[in-house]
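Work through the exercises below with the structure open. Each task is followed by a stepwise solution.

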Amino acid sequence: GVPEFKGYIDVVVPKTTEFEAFLEEISTRCEMVRNHNVSRKTDNMLKITVDGRMAALDLRLVNPDAKFTKESKVYYCACKVAEIYKKTKSKRSTQLIFCDTSTPKDKFNIYDEMKRLLIEMGVNENEIAYIHDADDSNKKKEKLLAKVRSGEIRVLIGSTSKLGTGVNV
């Protein structure tokens, strides 16, 4: 019963010099693993794949010394969300952002970075929420989702498992 959507747009984010260097690094790591020059406990293809996926999202997830860049998927996403937020202000339309990598925690994470960027771009902080804030109690979750349905919360960020199938907004 999901309506057909014809507005899907691929967005290509250019690689930074730093990301190119990281790709060289993981390529070297792959060769080391393939040639059995490193213990599987030290490095393996699963670790390399996870590092690659995280770095593709934001290099700071694998390198805390990496600097912020506007040439990132998170920045591009924040720009689009802020644009839609402003265009739909009178309707109080809502948006869902799905992120399964780097959920909220005390160190650098995509949820807090997305929220920071959105606030910088003019999105009201009080209109941004994380599905994770509702923990697992049905009462808190229903209260949060009611705020999304009413337009009080206009941007809801969550993982697929917490915000996916069965969430009625």
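**Exercise 1. Which side chain meets D43 in a salt bridge, and which parts of the chain does the pair tie together?**

Solution.
- Step 1. This is a predicted model, and side-chain atom pairs count only at pLDDT 80 or more.
- Step 2. The partner of D43 is R29, with N to O at 2.7 Å. The cut-off for a salt bridge is 4 Å, so the pair qualifies.
- Step 3. Place both residues. D43 lies in the loop between helix 1 (17-34) and helix 2 (45-57), while R29 sits in helix 1, so the bridge ties together parts that are 14 residues apart in sequence.
- Step 4. Check burial. D43 has a relative accessible area of 10%, and R29 has 17%. Buried means under 20%, so D43 is buried, and R29 is buried too.

**Exercise 2. Analyse the salt bridge of R60 and find the network that holds it.**

Solution.
- Step 1. The side chain of R60 meets that of E113, N to O, at 2.9 Å.
- Step 2. The two ends come from distant parts of the chain. R60 is in the loop between helix 2 and helix 3 (73-87), E113 is in helix 4 (residues 110-120), and 53 residues separate them.
- Step 3. Both R60 and E113 are buried.
- Step 4. Widen the view. Salt bridges link D58, R60, E113, R116 and E120 in a network.
- Step 5. Over the whole structure, a search finds twelve salt bridges.

**Exercise 3. Are the two partners in the R149 and E142 salt bridge buried or partly exposed?**

Solution.
- Step 1. Start with the distance: the closest N and O atoms of R149 and E142 are 2.9 Å apart.
- Step 2. R149 has a relative accessible area of 39%. E142 has a relative accessibility of 43%.
- Step 3. Partly exposed covers the range between under 20% and over 50%. R149 is therefore partly exposed, and E142 is therefore partly exposed as well.

**Exercise 4. Describe the largest pocket by volume, lining and residue class.**

Solution.
- Step 1. The largest pocket has a volume of about 820 Å³.
- Step 2. Its lining holds 24 residues, and I9, V11, Y76, C77 and K80 lie nearest the centre.
- Step 3. Assign the lining to elements. Helix 3, strand 1 and helix 4 each supply at least two residues. Helix 3 has the largest share, with seven residues.
- Step 4. Sort by class: 19 nonpolar, two polar and three charged residues.

**Exercise 5. Do the analysis for the second largest pocket.**

Solution.
- Step 1. The second largest pocket contains about 320 Å³ of space.
- Step 2. Its lining has 19 residues, with T16, F19, A55, E71 and S72 closest to the centre.
- Step 3. Helix 1 and helix 2 are the elements that give two or more residues to this lining. Helix 2 gives the most, with three residues.
- Step 4. The classes here are nine nonpolar, three polar and seven charged.

**Exercise 6. Where do H36 and S102 lie, and what is the sign of phi at each?**

Solution.
- Step 1. Recall the background: most residues other than glycine have a negative phi.
- Step 2. H36 is not a glycine, yet its phi is positive, about 60 degrees. H36 lies in the loop between helix 1 and helix 2.
- Step 3. S102, also not a glycine, has a positive phi of about 65 degrees. S102 lies in the loop between strand 1 and helix 4.
- Step 4. Compare their surroundings. H36 is exposed, at 65% relative accessible area, whereas S102 is buried, at 10%.

**Exercise 7. Characterise the nonpolar surface patch that includes F98.**

Solution.
- Step 1. The members are L96, F98 and V169. Together they have about 230 Å² of accessible area.
- Step 2. F98 belongs to strand 1 (residues 95-98).
- Step 3. F98 has a relative accessible area of 43%, which makes the residue partly exposed.

**Exercise 8. Set out the overall architecture: how many helices and strands are there, and in what order?**

Solution.
- Step 1. The protein has six helices and three strands.
- Step 2. Read from the N terminus, the order is α-α-α-β-α-β-α-β-α.
- Step 3. Along the principal axes, the C-alpha atoms fill a box of roughly 60 × 35 × 35 Å.
- Step 4. Of the 169 residues, 35% count as buried.

Notes. Residues numbered from 1 in each chain as written. Predicted model: local features only at pLDDT ≥ 70, side-chain atom pairs only at ≥ 80, totals over all residues. Heavy atoms only, no water. Patch = residues over 30% accessible without salt bridge, like charges linked within 9 Å, V, L, I, M, F, W, Y side chains within 5 Å. Areas by Shrake-Rupley, 256 points an atom, 1.4 Å probe, with all protein chains shown as cover. Helix = DSSP H or I, 4+ residues; strand = E, 2+ residues; numbered from the N terminus. Buried < 20%, exposed > 50% of the residue type's maximum accessible area, 1.4 Å probe, protein only. 1 Å grid on protein atoms, 1.4 Å probe; cavity = no way out; pocket = protein on both sides within 12 Å on 5 of 7 lines; lining within 4 Å. Points joined across faces, edges and corners; volume = space filled by probe spheres on them. Nonpolar A, V, L, I, M, F, W, Y, C, P; charged D, E, K, R; others polar.
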